[in-house]
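Visitor: I should like to learn how to read a protein structure step by step. May we go through one together?

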Amino acid sequence: MSFPALVFVDLETTGATATADRITEIGIVEVDEQGVREWSCLVNPGTPISGFIERLTGISNAMVADAPPFEDVAAEVKERLEGRLFIAHNARFDYGFLKNEFKRAGHDFRATVLCTVKLSRKLFPQHAKHNLDSLIERHDLTVSSRHRALGDARLIHQFWGRLQAEVAPELLAQTVKALTARPSLPANLDAAAIDDLPDGTGVYLFYGENDLPLYVGKSKELKKRVLAHFASDHAAAREMNLAQQVRRIECIETGGEIGALLKEAMLIKQLQPIHNRHLRRNEEVCFWQLVEARPGEWRPQLMLASELDFGQQEHLYGPFKSARDAKKSLTELAKEHGLCHALLGLEKVKPGKPCFAHQLQQCRGACVGKEPVSFHSARLMAALGRQRFAPWPFVGPAWIREGDEVHLIDHWRHLGTARSEADLYELLEATPPAFDRDTYRILVKAQDRMTPLAANPGR
Ligand SMILES: [Zn+2]
């Protein structure tokens with residue numbers, strides 16, 4: 001069985017948080033064709049070591065006082081680790097600390113990582129505990145200096161040696177392969193771009209050559225969703241094509257799903273990404289409004305969203321994404337329900353003359369007095385019923401809280417998202433945005449979660 005060159009790594013640190021705490025000692029066991037080499041080094045963390053950590057590791061403030069800071073050993077450590085399989089116990093911890101220290105020192109570090117906790121768990125699922133002390137006991141490992149970096153790195157190396165004897169070679173090779181498999185990334189994308197993605201809810205943006213916006217999407221699990229775009233088993237050519245074009249990824253975290261939907265809709269209109277097929281720009285959002293031309297005679301009138309008085313939303317149907325769409329929809333409705341094209345304004349006919357639809361026996365004849373106009377009006381209202389525009393249920397604006405964000409909404413328009421009271425007042429004073437069909441659709445579904453602002457004057 002051939003494995004690549006290996007490094008068994010262990011660190012001692014000032015605490016458990018990779019971004020805030022620092023490394024105090026590095027222990028490395030290198031294994032390759034030339035044999036086994038051990039290396040260790042104390043590091044001055046530039047911050048005090050607590051009494052608890054001093055007692056646990058035996059590394060005191062006095063011991064590291066004259067040790068070099070990480071940046072002075074960074075180049076040497078990188079040389080020892082680079083191009084080798086990085087093996088550590090609870091590897092996320094050691095790898096995370098090293099990545100952060102390298103970053104501070106101005107180095108870019110990346111490795112294929114194998115975690116021996118995960119490895120032990122996969123190979124010996126019958127055991128509940130997989131910490132280093134359990135492995136020492138189960139595999140009869142020889143302890144030299146426990147809780148010191150090199151001492152613990154040696155233990156991981158020993159454990160690895162035991163596995164060669166205790167586990168069938170194919171099973172071991174297979175398990176290592178599965179644990180070290182990295183997501184396949186498009187050739188032009190830096191792996192660091194993936195490592196830094198957030199896990200939570202929000203919006204992600206793909207940019208291509210020359211920072212051209214390619215795609216905007218939303219997810220409750222950003223990192224997972226982004227990686228799904230790059231999964232190598234994609235059957236869809238369109239998805240493959242998109243993945244190959246991505247040069248840069250940007251993520252915006254939101255307080256929740258509604259925030260992600262609203263942001264997605266806004267960004268798609270703003271950026272017009274070439275791979276987003278839906279949610280295109282609102283050219284001229286329209287509604288049908290029923291107007292009583294004569295008593296009992298209701299006729300549809302095309303209204304642009306910009307002309308709409310949002311205080312007066314009676315007898316509105318839609319929204320439609322364009323005047324063309326509105327007419328198409330009404331034409332289909334007329335055909336389905338035998339309505340008169342002349343009365344609907346879809347066809348210009350002299351009074352008393354039959355509309356063309358009537359000649360095709362598709363209109364029941366309101367144009368020529370065969371059907372009372374009031375009957376026609378009632379049937380029109382019923383037919384339009386499904387497209388009825390939801391009236392705004394509050395007197396003034398309303399809000400939806402999601403995480404630490406508050407979405408402010410008025411008459412189905414998203415005034416903005418506030419993270420503070422000051423933001424909220426600023427939004428209330430700003431000019432409301434134009435009515436937007438996609439926003440309306442998102443907000444109508446979230447109606448139950450809205451609280452009217454007027455009922456909470458103190459907010
Ligand atoms: Zn007719």
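Visitor: Where does His147 lie?

Guide: This is a predicted model, and every answer here rests on it. His147 has a positive phi of about 70 degrees although it is not a glycine. As for its place in the chain, His147 lies in the loop between helix 6 (132-138) and helix 7 (149-166).

Visitor: Is His147 buried, partly exposed or exposed?

Guide: The class depends on the relative accessible area, and the range between 20% and 50% counts as partly exposed. For His147 the relative accessible area is 27%. His147 is therefore partly exposed.

Visitor: Is Gln361 buried or exposed?

Guide: Gln361 is not a glycine, although its phi is positive, about 60 degrees. Its position is the loop between helix 14 (356-359) and helix 15 (373-384). With a relative accessible area of 73%, Gln361 is exposed.

Visitor: Is the peptide bond from Gly318 to Pro319 cis or trans?

Guide: Pro319 belongs to strand 11 (residues 316-320). The omega angle of the bond from Gly318 to Pro319 is near 5 degrees. This peptide bond is cis.

Visitor: In what order do the strands of the open sheet stand?

Guide: Strands of a sheet pair through backbone hydrogen bonds, either parallel or antiparallel. In this open sheet of 4 strands the pairing is antiparallel. Strand 14 (413-418) and strand 15 each have a single partner strand, so they stand at the edges, with one side left without a neighbour in the sheet. The order is 14-13-12-15.

Visitor: How many bridges join strand 12 to strand 13?

Guide: Strand 12 (residues 398-402) and strand 13 (residues 405-410) run antiparallel. One of the pairs is formed by Ala398 and its bridge partner Ile409 in strand 13. The hairpin of these strands has 2 residues between them, and Gly403 takes a positive phi near 55 degrees there. The number of bridges that join strand 12 to strand 13 is 5.

Visitor: Which residue of strand 15 is the bridge partner of Trp399?

Guide: Strand 12 also pairs with strand 15 (residues 451-452), in the antiparallel sense and over 2 bridges. In strand 15, the bridge partner of Trp399 is Thr451.

Visitor: How many of the 5 residues of strand 12 are buried?

Guide: A residue counts as buried under 20% relative accessible area. Strand 12 is largely enclosed by the rest of the structure, because its buried residues number 4 of the 5.

Visitor: Which strands does helix 12 touch as it packs on the sheet?

Guide: The direction of helix 12 makes about 115 degrees with that of strand 12. Another helix, helix 16 (residues 421-429), lies across strand 13 and strand 14 and runs at about 155 degrees to strand 14. Helix 12, for its part, touches strand 12, strand 13 and strand 14.

Visitor: Are helix 12 and helix 17 roughly parallel or roughly antiparallel to each other?

Guide: Helix 12 (residues 257-271) and helix 17 (residues 437-445) have axes 10 Å apart and pack at an angle of about 170 degrees. Among the residues that meet are Leu261 and Leu262 in helix 12 and Ile442 and Leu443 in helix 17. Since angles over 145 degrees count as roughly antiparallel, helix 12 and helix 17 are roughly antiparallel.

Visitor: Is the crossing of helix 3 and helix 4 left-handed or right-handed?

Guide: The axes of helix 3 (residues 70-81) and helix 4 (residues 91-104) come within 10 Å and cross at roughly 125 degrees. That angle makes helix 3 oblique to helix 4. The contact involves residues including Phe70 and Ala74 of helix 3 and Leu98 of helix 4. The crossing is left-handed.

Note on methods: Residues are numbered from 1 along each chain as its sequence is written. This is a predicted model: local features need pLDDT of at least 70, side-chain atom pairs count only at pLDDT 80 or more; totals for chains, interfaces and linings use all residues. Side-chain values use heavy atoms; hydrogens and water are left out. Axes are lines fitted to C-alpha atoms, for helices over the stretch in contact, and angles run from 0 to 180 degrees between N-to-C directions. Angles under 35 degrees count as roughly parallel, over 145 as roughly antiparallel, 65 to 115 as roughly perpendicular and the rest as oblique. A crossing is left-handed if the near helix is turned anticlockwise from the far one by less than a right angle, and right-handed if clockwise. Contact means heavy atoms within 4.5 Å. Buried means under 20% relative accessible area, exposed over 50%, partly exposed in between (1.4 Å probe, protein chains only). Two strands pair if DSSP finds at least two bridges between them.
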